[in-house]
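Here are a few exercises to work through with the model open beside you. Try each one before reading its solution.

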Amino acid sequence: MMKLLPGLFSDAFDDMFYDRSNMKTDIRTQDTNYILDMELPGYRKENIQMELKDGYLTIQASRNTTSEEKNKNGNIIRQERFSGSCSRSFYVGEALSQEDIKATFENGELHIILPKEAPKKVEEKRFIPID
């Protein structure tokens, strides 16, 4: 029915079913890594934080309009661009450490590389004393 009447109630239905804070993510595998590509258009690198805790990788991003920006731009009648914060968590296993995870942010996309298996720690040579 909605395709027959484009525009009719579209704003109301779009607002009800569309989550603007959703951090759309593609997850793929390549050789020995998992790669996460997360869309974060309009966010700045400084406002994105990643934390690894109890086997969960949590990504938080915030984009807030300051009162100075609101005064400069005038009164907002309708705002369709998201302002606020959002986060997503992915279980990556408890064997990974912060050093195993690599991330870059470019053109509104966060690119995260995780090893499929935690790198094996090189065991130090230990001498066994002889009594």
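**Exercise 1.** In which strand is the place of L52? Once you have it, list the contacts of L52 that lie beyond its sequence neighbourhood.

*Solution.* A reminder before we start: this is a predicted model. Step one: L52 has its place in strand β3, which covers residues 48-53. Step two: leave out everything up to four places away in sequence, and L52 still touches L57, V92, L96, S97, Q98 and I101. Step three: take L96 from that list and check the separation. L52 and L96 lie 44 residues apart in sequence, yet their C-alpha atoms are 8.6 Å apart in space.

**Exercise 2.** Take stock of the whole chain: how many helices and strands are there, and in what order do the elements run?

*Solution.* Start with the count, which is 2 helices and 7 strands. Now walk from the N terminus, and you read α-β-β-β-β-α-β-β-β. Next, look at the contacts with a separation of 6 or more: 58% of them join residues 24 or more positions apart. Finish with the surface. Of the 131 residues, 21% count as buried, and the accessible surface is about 11200 Å², with 49% of it belonging to carbon and sulfur atoms.

**Exercise 3.** Work out the strand order of the open sheet with 4 strands, then say which strands sit at the edges.

*Solution.* Follow the pairings across and you get β1-β2-β7-β6, with antiparallel pairing. The edges are β1 (25-30) and β6 (102-106), as each of these pairs on one side only. On average, neighbouring strands of this sheet are turned by 15 degrees against each other, direction ignored. Now zoom in on one pair: β2 (residues 33-39) and β7 (residues 109-115) run antiparallel and are joined by 7 bridges. To get the register, pick N33, whose bridge partner in β7 is P115.

**Exercise 4.** Which residues have the most contacts inside the largest nonpolar core?

*Solution.* The core has 16 residues, and the ones to pick out are L40, I59 and I112. Then ask where the core comes from: β2, β4 (56-63), β5 (84-91) and β7 each give two or more residues to it. Now take I112 and list its contacts, again skipping residues up to four places away. I112 touches Y34, I35, L36, M50, L57, I59, I101, K102 and A103.

**Exercise 5.** What does the side chain of T25 reach, and what else is T25 in contact with?

*Solution.* First place T25: you'll find it in strand β1. Its side chain reaches the backbone oxygen of M23 at 2.9 Å. The T25 side chain also makes a polar contact with the side chain of R88, at 3.3 Å. For the wider list, set aside neighbours within four places in sequence; T25 is then in contact with L36, D37, M38, R88 and F90.

**Exercise 6.** D31 and D54 each have a positive phi. Where is each one, and is it buried or exposed?

*Solution.* Take D31 to begin with. Its phi is near 50 degrees, in a residue other than glycine, and it lies in the loop between β1 and β2. The cut-off for exposed is over 50% relative accessible area; D31 has 69%, so D31 is exposed. Now D54: its phi is near 55 degrees, and its place is in the loop between β3 and β4. D54 counts as exposed because its relative accessibility is 57%.

Methods. Residues numbered from 1 in each chain as written. Predicted model: local features only at pLDDT ≥ 70, side-chain atom pairs only at ≥ 80, totals over all residues. Heavy atoms only, no water. Pairing = 2+ DSSP bridges. Axes fitted to C-alpha atoms, helices over the stretch in contact; angles between N-to-C directions. Contact = heavy atoms within 4.5 Å. Buried < 20%, exposed > 50% of the residue type's maximum accessible area, 1.4 Å probe, protein only. Areas by Shrake-Rupley, 256 points an atom, 1.4 Å probe, with all protein chains shown as cover. Core = buried A, V, L, I, M, F, W, Y, C linked by side-chain atoms within 4.5 Å. Polar contact = N/O pair within 3.5 Å; in protein donor to acceptor, adjacent residues only side chain to side chain.
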